[in-house]
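Visitor: I am new here and would like a short tour. Could you start with the terms and then take my questions?

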Amino acid sequence: MGGESRQFNELHWHTACIDRDGVRCEWTLKIEKDSQGGKTTIRLIGHFQSEHVGELKKQLQDNGPQLVLDLKEAMVVDVDVIRFLGASKADGVKIVHCSPYIRKWMAQERKP
């Protein structure tokens, strides 16, 4: 019996920041990439900011015909991320589990 191959990758970023009260904080982003049978699902977990877009673009390259971005656990985004998500959707990437505020923001950014 021929089995389908499955590939799973995980990347982590930690970003230090200072909040409005001058308190040091740390944000984390994890990207999980799961490829199986021509379908690749990339899960974004945590704080997704513009500094992560370049790496995500690399992860989106050379994938099967079905590409899915799962935003169920994406907590924070910025305008560059919203524009990237809108462009990805326009290019045929399926975006799932997206919070209503992110969908609304993407729609607003598409308007001229």
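Guide: Gladly! Buried means under 20% relative accessible area, exposed means over 50%, and partly exposed lies in between (1.4 Å probe, protein chains only). Helices (H or I, at least four residues) and strands (E, at least two) are DSSP runs, numbered from the N terminus. This is a predicted model, in which local features need pLDDT of at least 70 and side-chain atom pairs count only at pLDDT 80 or more, while totals for chains, interfaces and linings use all residues. Residues are numbered from 1 along each chain as its sequence is written, and side-chain values use heavy atoms, with hydrogens and water left out.

Visitor: In what order do the elements of the chain run from the N terminus on?

Guide: The chain holds 3 helices and 5 strands. Reading from the N terminus, their order is β-β-β-α-β-α-β-α.

Visitor: What share of the residues in the chain is buried?

Guide: The chain has 112 residues to consider. Those that fall in the buried class make up 38%.

Visitor: Which residues of α2 are buried?

Guide: Helix α2 covers residues 79-90, and Ser 88 is found in it. Ser 88 has a relative accessible area of 5%, so it is buried. The full set of buried residues in α2 is Val 81, Ile 82, Phe 84, Leu 85, Gly 86 and Ser 88.

Visitor: Which residues is Ser 88 in contact with, leaving aside its neighbours within four places in sequence?

Guide: Contact means heavy atoms within 4.5 Å. With those sequence neighbours set aside, the partners of Ser 88 are Leu 60 and Val 93.

Visitor: How far apart are the end C-alpha atoms of α2?

Guide: The expected span of a helix is 1.5 Å times one less than its number of residues. Helix α2 has 12 residues, so it should span 16 Å. The distance between its end C-alpha atoms agrees with that, at 17 Å.

Visitor: Which residue just after α2 takes a positive phi?

Guide: Here we look at the backbone just past the helix. A positive phi of about 100° is found there, at Gly 92.

Visitor: How many salt bridges are there?

Guide: Side chains of opposite charge can pair when their charged atoms come close. A salt bridge is a side-chain nitrogen of Lys or Arg within 4 Å of a carboxyl oxygen of Asp or Glu. By this rule, the count is 5.

Visitor: Which residue forms a salt bridge with Glu 32, the closest N and O atoms being 3.1 Å apart?

Guide: Glu 32 is buried, because its relative accessible area is 13%. Glu 32 lies in strand β2 (residues 24-36) and its partner in strand β3 (residues 39-47), so the pair ties together parts that are 11 residues apart in sequence. That partner is partly exposed, with a relative accessible area of 21%. The residue is Arg 43.

Visitor: Which residues are linked in a network of salt bridges?

Guide: One pair joins Lys 30 and Glu 32 at 3.3 Å, N to O. Another joins Glu 32 and Arg 43. The linked residues are Lys 30, Glu 32, Asp 34 and Arg 43.

Visitor: Is Lys 58 buried or exposed?

Guide: Lys 58 forms a salt bridge with Glu 55, their closest N and O atoms being 3.9 Å apart. The two are 3 residues apart in helix α1 (residues 53-60), so about one helical turn separates them. With a relative accessible area of 53%, Lys 58 is exposed.
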